[in-house]
Amino acid sequence: MTEQAAEARNRRKVRTGVVKSDKMTKTVTVVMERRFAHPVYGKQITRRKVIKARNEVGAKTGDTVRLMETRPLAKTVRWRVTEVVERAK
């Protein structure tokens with residue numbers, strides 16, 4: 001592997017989200033939420049993005065997980081769960 005390829009691998013996006021569903025065999029559905037101020041009015045806005053991620057660490061519904069961008073693993077799966085940050089109560 002060249003040095004450039006190794007650097008690109010380390011620049012992958014890392015996000016945090018909450019597992020919404022774990023009904024699929026190897027995949028979980030994760031909700032990523034972001035808050036920001038409206039550019040004109042300043043009001044706080046919440047936006048949600050629902051994605052599918054490969055689950056090899058055993059995350060369950062309600063867990064907060066850390067995700068890393070990866071190569072396409074299936075038709076809709078482009079992320080993988082790297083660790084469980086907090087278990088559901």
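In this predicted model, the protein exposes about 6,800 Å², and 47% of that area is supplied by carbon and sulfur atoms. Of its 89 residues, 25% count as buried. The charged side chains include 24 positive and 9 negative charges, and the mean positions of these two groups lie 8 Å apart.

Turning to the fold, one helix and five strands make up the secondary structure elements of the protein, and these follow the pattern α-β-β-β-β-β when read along the sequence. The protein is more spread out than a compact globule, because its radius of gyration of 15 Å is well over the 12 Å that the globule rule gives for 89 residues. The C-alpha trace spans about 50 × 35 × 25 Å along its principal axes. Among contacts with a separation of 6 or more, 48% come from residues 24 or more positions apart.

A closer look at one position helps to fill in this picture. Threonine 29 belongs to strand E2, which covers residues 27-37. Its relative accessibility is 11%, so threonine 29 counts as buried, the cut-off for that class being under 20%. When neighbours within four places in sequence are left aside, the contacts of threonine 29 include Val18, Val19, Lys20, Ser21 and Met24. Val50, Ile51 and Lys52 are also in contact with threonine 29.

Note on methods:
Residues are numbered from 1 along each chain as its sequence is written. This is a predicted model: local features need pLDDT of at least 70, side-chain atom pairs count only at pLDDT 80 or more; totals for chains, interfaces and linings use all residues. Side-chain values use heavy atoms; hydrogens and water are left out. Helices (H or I, at least four residues) and strands (E, at least two) are DSSP runs, numbered from the N terminus. Buried means under 20% relative accessible area, exposed over 50%, partly exposed in between (1.4 Å probe, protein chains only). Contact means heavy atoms within 4.5 Å. The radius of gyration is taken over C-alpha atoms; the globule rule is 2.2 Å times the number of residues to the power 0.38. Accessible areas come from the Shrake-Rupley method with a 1.4 Å probe; for residues, only the protein chains shown count as cover. Lys and Arg count as positive and Asp and Glu as negative; His and the chain ends are not counted. The place of a charge is taken as NZ of Lys, CZ of Arg, CG of Asp or CD of Glu.
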